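Here are a few short exercises to help you find your way around a fold you haven't seen before. Have a go at each task before you read its solution.

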Amino acid sequence: YILYGGKFTRALMVQMVMAEGDIEYELREIDIFSQQEQSPQYLAINPAGFVPAMEIPGGEVLFETHAINLYLVDHHRLTQLAPMVDEPGRGAFLSGLFFICDDFEPTLKRYFYPHRYVLHEADAPEMRRQSLALALDRLKIIDQRMQQKGPYYLGERYSLVDLVACYWAQDLMFDNSLDSLPALRHCLSLVRKRSAIAGLFDLMVTLNDEYAQLEATGKEPS
């Protein structure tokens, strides 16, 4: 596998799945600060112009983070990350994963890149504030299920839904943003202890601090 990723991209989420499955891969860094993902060379790999993308054996290129991860889970039968298609819980697993992908993440994108969604730059802070509030409200759906089923989305069974939800929870771990999501915070504490991915969550904390410093100086990617 060749994974096209780099700093401050969701390629780290794919790396977590690779680590959980003990899958070998080559990481090729794409610099989003210099908009390398829009270069002709990268667009020849992934015409969508997004990171991550992954070349699988045989040369086909996959893109969209959750599609890549679901491919890896199913292709390698990573039962520690998901019920297989003939197992109980598969439907609930897919509902949780696609809820995060289709409902939660687009809201979060408006939080991280508010200037893309407003006509006037002065409106960006309000767009960001409202988007964060809505994103946290959507996470309550995950939190409520964890409270009822717990400690994971599927009850006692850890899955990719927990990894993804905790990835974003870690990203939003500031200013007491997760105070209203106790079950998700508990799940995050469990997921961060998993030996395969603990180091990658530590790396995520470091990268978040680095990104915050860049953002403070107006150097974040556009």
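Helices here are DSSP runs of at least four residues, counted from the N terminus. One thing to keep in mind as you work: this is a predicted model.

**Exercise 1. Find out whether helix H1 is buried or exposed, and look at what comes just after H1.**

Step 1: Go through the helix residue by residue. Ala 11, Leu 12, Met 13, Val 14, Gln 15, Met 16, Val 17, Met 18, Glu 20 and Gly 21 are buried in H1.

Step 2: Draw the conclusion. Since 10 of the 11 residues of H1 are buried, the rest of the structure largely encloses this helix.

Step 3: Step off the end of the helix. Right after H1 comes Asp 22, whose phi is positive, at about 55°.

**Exercise 2. Work out how H3 lies against H4, and which residues meet.**

Step 1: Know what to look for. A pair of packed helices is described by the angle between their axes and the distance between those axes.

Step 2: Get those two values. Helix H3 (residues 65-75) packs on helix H4 (residues 90-112) at an angle of about 160°, and the axes are 12 Å apart.

Step 3: Interpret the angle. Anything over 145 degrees counts as roughly antiparallel, so H3 is roughly antiparallel to H4. The crossing of H3 past H4 is right-handed.

Step 4: List the partners. From H3 come His 66, Leu 70 and Asp 74, and they meet Arg 90, Phe 93, Leu 94, Leu 97, Phe 98, Cys 101 and Glu 105 of H4. Sorted by class, the H3-H4 contact has 6 nonpolar, 1 polar and 3 charged residues.

**Exercise 3. Do the same job for H4 and H5: how do they cross, and what makes the contact?**

Step 1: Angle and distance again. The H4 and H5 axes come within 7 Å and cross at roughly 165°.

Step 2: Direction and hand. The two helices H4 and H5 are therefore roughly antiparallel to each other, and H4 passes H5 in a left-handed crossing.

Step 3: The contact itself. On the H4 side you'll find residues including Phe 99, Ile 100, Phe 104, Leu 108 and Tyr 111; on the H5 side, among them, Met 127, Leu 132, Ala 135, Leu 139 and Ile 142. By class, the contact between H4 and H5 has 13 nonpolar, 2 polar and 5 charged residues.

**Exercise 4. Which members of the largest nonpolar core touch the most other members, and which helix gives the most to this core?**

Step 1: Pick out the well-connected members. The core has 59 residues, and Met 16, Met 54, Leu 72, Ile 100, Leu 163 and Leu 172 touch the most other members.

Step 2: See which helices contribute. At least two core residues come from each of H1, H3, H4, H5, H6, H7 and H8. The most come from H6, with 9 residues.

Step 3: Zoom in on one member. Beyond residues up to four places away in sequence, Leu 172 touches Phe 104, Leu 108, Tyr 111, Leu 132, Leu 136, Leu 139, Ser 177 and Leu 178.

Step 4: Look elsewhere too. Apart from this core there is another one, of 11 residues, including Tyr 4, Ile 32, Tyr 42 and Leu 207.

**Exercise 5. Describe the surroundings of Asp 162: what does Asp 162 touch?**

Step 1: Place the residue. Asp 162 sits in helix H6 and is buried, because its relative accessible area is 0%.

Step 2: Collect its contacts. Leaving out residues up to four places away in sequence, Asp 162 touches Met 146, Tyr 152, Tyr 153, Arg 157, Cys 187 and Val 191.

Step 3: Check a residue from the preceding loop. Pro 151 is in the loop between H5 and H6, and its C-alpha is 9.6 Å from that of Asp 162. The bond joining Gly 150 and Pro 151 is a cis peptide bond, with omega about 5°.

**Exercise 6. Where is Pro 52, and where is Gln 35?**

Step 1: Start with the proline. Pro 52 lies in the loop between helix H2 and strand E3, and the peptide bond leading to Pro 52 from Val 51 is cis, with omega near 10°.

Step 2: Move on to the glutamine. Gln 35 is in the loop between strand E2 and H2. Its phi is positive, near 55°, although it is a residue other than glycine. Gln 35 counts as partly exposed, because its relative accessibility is 43%.

Terms used: Residues numbered from 1 in each chain as written. Predicted model: local features only at pLDDT ≥ 70, side-chain atom pairs only at ≥ 80, totals over all residues. Heavy atoms only, no water. Axes fitted to C-alpha atoms, helices over the stretch in contact; angles between N-to-C directions. Parallel < 35°, antiparallel > 145°, perpendicular 65-115°, else oblique. Left-handed = near helix turned anticlockwise from the far one by under 90°. Contact = heavy atoms within 4.5 Å. Nonpolar A, V, L, I, M, F, W, Y, C, P; charged D, E, K, R; others polar. Core = buried A, V, L, I, M, F, W, Y, C linked by side-chain atoms within 4.5 Å. Buried < 20%, exposed > 50% of the residue type's maximum accessible area, 1.4 Å probe, protein only.
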